[in-house]
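Hello,

Here is the structure I said I would pass on. My notes on it follow below.

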Amino acid sequence: MRLFRGRSHLCSHLEFSHNLLSRTQNAGRLAFSIQERRPQTQFRWPSPTERTASTLTNNDPSTSLLTTKEDPTIYALSTAPGRAAIAVIRVSGPLCLTVYHSLCPGKQRPKPRYATLRTLYDPAETSESARVLDSGALVFYFPAPESTTGEDVLEFHVHGGTAVVKAVLAAIPKPFQGLSQTIRYADPGEFTRRAFYNGRLDLLQVEALGDTLAAETEQQRRLAVRGSTNTLTERYESWRQKLLYARGELEALIDFSEDQHFDESPAQLCASVAEQVQELKHQLQANIDNASRGELLRNGINIALVGAPNAGKSSLLNQIVGREAAIVSGEAGTTRDVVDVNVDIGGFYCRFGDLAGLRKASQTPSSHQIGEIEQEGMRRAKQRALTADVVIAVIPAESATSNESTAGATVRGVVDNEVLEVLKQCDPQTQQIMCVLNKADNFKSDQQRASQRENLGRHSVLRGLIDSSKTTVYTISCKSAQNANSGNCDPGGIQTFLDGLNQLFRRMTAAVGPYGREGPGNNSAWAETLGASERQRVLLQQCFQHLDKFLAGVQPSQDGHRAAPDEEDIDVVVAAEHLRAAADCLAKIAGRGEAGDVEDVLGVVFEKFCVGK
């Protein structure tokens, strides 16, 4: 085994070297057991009073993330602009009490965290009648550090008229004009940024707050609530600590292998570390999978309506959204481009795409040939279908041959070959397929309807797609739904179809546990991981890759099977470096990386925040 004594080369960031040396000298043995290890010192954010605090990775006060008394006081309207019953104006910084005394002259300081009724005055006006800004404002004072930002915070709850709000906002900075003390209007997300700098929120909670502000549906709201707790932060930190201890065991071999006696051989120690790392990988994979499922809730589920011309795609879209979102006509090829409509279905944010009908030139009557515009529409339709999360194949119930009369025609579900070709190209691993038998009003009896529904379920192509998605064939009639009277609770079967769609969404966004286990018992423990953002997922994926490289180094593969590690083949220096890189990825998730990394992340996170938050 290749060991290197370059301690300064490897251990510059080793957080527990003195503890490790003490354990080696006293115990004479380092048996690796992640479950029994506990950190000697727990990480904590510095308090706002620690003005000389440094960043988490160095001791340079110039790069401190904490706000100081030299930072300007900020103020902004925290409620939505426009006419309202109440408007909240928030002030944060060291000049809060000065602002209070300038707008409420002669009044004593408000009791912290109690509502105080005050008349607000314009400090620059001399006329008594013009001085009053609001005769009935509530004032709240929150002293540092127990406030939303970790600084002194002042809130004015004023009447929500536009003129009142403008007057109060204009009066706040007037006493400080020409003075060295600075006060300014807040930037978007600046209150939350200061809360992060002062340790009131971690980066995961900041991201969850952004999701809360952007939530439009019930499922998006629930997703944001999951991320607002510190459960994910604690989980990531526990994983990071495990990797640090594992790295410590390996680096002990580098530093002390020639000076101390180890009861375990290097190969045995590496095998013990690898066993624990392998278990950690399963947990990471579950977190990564759930983060991808959570993105469906956060960004919306992309749904494509696929079918032949006049299959009823546009009619179905109009029934789903409850309005005429797409043109419906008996003329084939009416829809030429993708018609996107966003809708809330059972709390799930969905983006429906009504696509151009798919057909071949040989199927088209000579009187209506396929033009260039329709060809482009079909190309876009196929492209959209292959990128959708859910593909709904709309199959019309029509007569078996075009020559049969309506009275004697045999009605069945007609599956177009072009539609089948698109469905075959769909990826069953990442896409869900549903089949809808439309125009069910053409069937003469319920028995005939059920028979054709079963026939579609046994279709050579559709059967495999339906089974992999765990869905069924739904029979609907958009015509019956449009002409239904109020006495029918489910006209045309549209509601039954929507209920089935909702059940599919719940399966797609259900949390999974390690090893891909699903079910209520696992969902409760891993539901919080659905709230992980795309940024977190990327860093978790990078961590996973570093652990893969570590295992490849300590467990060489032979003929596709893991072999016992050979001491001569194990490079402990490289293995420890992979563990360090994996731990750094977990640290960056919570904003505990290099100062530059943190600022880059904050720029992305806060650009979506509104002013006053």
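Is H7 mostly covered or mostly uncovered? It is mostly covered, with nine of its twelve residues buried. Please keep in mind that this is a predicted model.

Helix H7

The helix runs over residues 203-214. At 1.5 Å a residue its twelve residues should span 16 Å, and the end C-alpha atoms are 17 Å apart, so the two values agree. The buried residues are Leu-203, Leu-204, Gln-205, Val-206, Glu-207, Ala-208, Leu-209, Gly-210 and Asp-211. Charged residues are on that list, including Glu-207 and Asp-211. At the N-terminal end, Asp-202 acts as a cap: one of its side-chain oxygens is 3.0 Å from the backbone nitrogen of Leu-204.

Nonpolar cores

The largest nonpolar core contains 73 residues. Phe-352, Ile-392, Phe-497, Phe-505 and Phe-550 have the most contacts inside it. Helix H10 (residues 266-299) is the main contributor, giving eleven residues. Domain 1 (9-35 + 229-296 + 524-606) and domain 3 (300-483) each supply at least three residues to this core. For Phe-550, the contacts beyond four places in sequence are Leu-250, Val-273, Ala-274, Val-277, Ala-575, His-578 and Leu-579. A second core, separate from the largest one, has 31 residues, among them Leu-355, Val-391, Val-419 and Ile-466.

Loops and backbone geometry

Two residues that are not glycine have a positive phi: Arg-113, at about 65 degrees, and Lys-439, near 65 degrees. Arg-113 sits in the loop between helix H3 (96-103) and strand E3 (116-121). Lys-439 is in the loop between strand E12 (432-438) and helix H14 (446-457). Arg-113 has a relative accessible area of 41%, so it counts as partly exposed. Lys-439, at 24%, is also partly exposed, because its value is not under the 20% that buried requires.

The peptide bond between Ala-144 and Pro-145 is cis, with omega about 0 degrees. Pro-145 belongs to the loop between strand E4 (132-142) and strand E5 (153-159).

Last, Thr-334 is in the loop between helix H11 (313-321) and strand E8 (339-345). Its relative accessible area is 31%, which means that Thr-334 is partly exposed. The C-alpha atoms of Thr-334 and Glu-374 are 9.0 Å apart, while the two residues are 40 apart in sequence.

Regards

Terms used:
Residues numbered from 1 in each chain as written. Predicted model: local features only at pLDDT ≥ 70, side-chain atom pairs only at ≥ 80, totals over all residues. Heavy atoms only, no water. Core = buried A, V, L, I, M, F, W, Y, C linked by side-chain atoms within 4.5 Å. Buried < 20%, exposed > 50% of the residue type's maximum accessible area, 1.4 Å probe, protein only. Helix = DSSP H or I, 4+ residues; strand = E, 2+ residues; numbered from the N terminus. Domains from an automatic or database assignment. Contact = heavy atoms within 4.5 Å. Expected span 1.5 Å × (residues − 1). Polar contact = N/O pair within 3.5 Å; in protein donor to acceptor, adjacent residues only side chain to side chain.
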